[in-house]
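Visitor: Got a minute to walk me through this one? I'd like to start with the surface and then look at the pockets.
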Amino acid sequence: MYGFLIIIGIVLLLSIIWMVYRIQTLVSVVKGSDKKVASGSNKINAWMFIFFLVGGSILMFWYSIKEFDNYQLPIASEHGVITDQLFWVTMAITGVVFLITHVLLFWFPYKYQYKEDRKASFYPDNNKLELIWTIVPAFVLAALVIGGWKAWSDITKPAPENSHIVELMGYQFAWEVRYPGLDNVLGENDYRLTNASNISGVDFSDKNSFDDFSSPVVVIPKGEPVLFRIRARDVLHSVFAPHMRLKMDAVPGMPTRFWFTATKTTEEMRVELNNPEFVYEIACTEICGRGHNAMRKELRVVEPAEYKKWLSEQKPYIVNNPALVADLPTELKELADITISEHK
Ligand SMILES: [Cu+2]
């Protein structure tokens, strides 16, 4: 009912506006002013361009300055320095071009608004000008693209042999963090093995998985390469660790990866920021459903010695839940039992 009334209201409003416009036109015909090529609204439009330029610029600068600290998160990884350099160089070049082109874009309609005593000049083309504005952007863009491509291939080149491996599996709505244990080799996984007690579908008939363990927090050592092996169980998710300048999609059926070296421990960052409560965080940055906001994980960077100690204290999946290996063939079961007794 209300919808119907609103539609009637809108139709009435539009007809009133139309009538006012018609009356105005008829009045100008009577007055003889309809013969004029440009009306007063031309001037108003010209001024509105200037108003938009000035107002828009004020808003843009106000916002950019106010939020500047958010663009300047401290960097806590080696490659982060390159990523930021790339960002600021691109920002500076495109920023200058943006300002020049937009000032001209809005200034010209004002300056060249219709004037009765002014005649447009005929200016068909200028080859020199065409050459300049084709070649200069081509070179600048090529430099930016090549620089970006080089940085990207440095960042995404294969991880060093000695990288610590951590598997992050996104699912609605959390991250399952799996460590390969002391052998640094993750056991195989198969989505068909997924169930309530094996949420990342680990294949426990692969003996590499015997010492795999899960952790509520992603703990990594400082100054040593870490390789995130990333996958998703249901929909698209995305791993985002802003202080590490790390972002990589988690795609169902298509494992992805990202390796990096952290340069500051959580403790060091707490001192730097003068904030004893600071924690690095991993967030999901792909709107993946209703509980998307719950996909926050703490990332704890510690000294290598502390990492080693932490690693040796963790309990493998099969220690916490021996039922996972209860049905294995005798030979494997014996191996699994040895791992279980070692961790008790
Ligand atoms: Cu998600």
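Guide: Sure. A quick definition to begin with: a patch here is made of residues with over 30% relative accessible area and no salt bridge, and nonpolar side chains are joined within 5 Å. Keep in mind that this is a predicted model.

Visitor: OK, which residues make the nonpolar surface patch?
Guide: Met-1, Tyr-2, Phe-4, Leu-5, Ile-6, Ile-8, Ile-10, Leu-12, Leu-13, Leu-14 and Ile-17, and together they give about 1,300 Å².

Visitor: Take Leu-14. Where is that found?
Guide: Leu-14 belongs to helix H1, which covers residues 2–31.

Visitor: And is Leu-14 buried or exposed?
Guide: Exposed, because its relative accessibility is 54% and the cut-off for exposed is over 50%.

Visitor: Switching to pockets. How much space lies in the largest pocket?
Guide: About 510 Å³. It has 20 lining residues, and Thr-83, Asp-84, Phe-87, Phe-240 and Arg-245 are the closest to its centre.

Visitor: Which element gives the most to that lining?
Guide: H3, with seven residues. Helix H3 (78–111), helix H4 (127–155) and strand E7 (246–250) each supply at least two.

Visitor: What's the lining like by class?
Guide: For the largest pocket, 12 nonpolar, five polar and three charged residues.

Visitor: And what volume does the second largest pocket have?
Guide: About 410 Å³. Its lining has 16 residues, with Met-60, Phe-61, Ser-64, Met-91 and Gly-95 nearest the centre.

Visitor: Where does the largest share of that lining come from?
Guide: H3 again, with nine residues. Helix H2 (40–66) also supplies at least two. By class, the second largest pocket is lined by 13 nonpolar, three polar and no charged residues.

How values were computed:
Residues numbered from 1 in each chain as written. Predicted model: local features only at pLDDT ≥ 70, side-chain atom pairs only at ≥ 80, totals over all residues. Heavy atoms only, no water. Patch = residues over 30% accessible without salt bridge, like charges linked within 9 Å, V, L, I, M, F, W, Y side chains within 5 Å. Areas by Shrake-Rupley, 256 points an atom, 1.4 Å probe, with all protein chains shown as cover. Salt bridge = Lys/Arg side-chain N within 4 Å of Asp/Glu carboxyl O. Helix = DSSP H or I, 4+ residues; strand = E, 2+ residues; numbered from the N terminus. Buried < 20%, exposed > 50% of the residue type's maximum accessible area, 1.4 Å probe, protein only. 1 Å grid on protein atoms, 1.4 Å probe; cavity = no way out; pocket = protein on both sides within 12 Å on 5 of 7 lines; lining within 4 Å. Points joined across faces, edges and corners; volume = space filled by probe spheres on them. Nonpolar A, V, L, I, M, F, W, Y, C, P; charged D, E, K, R; others polar.
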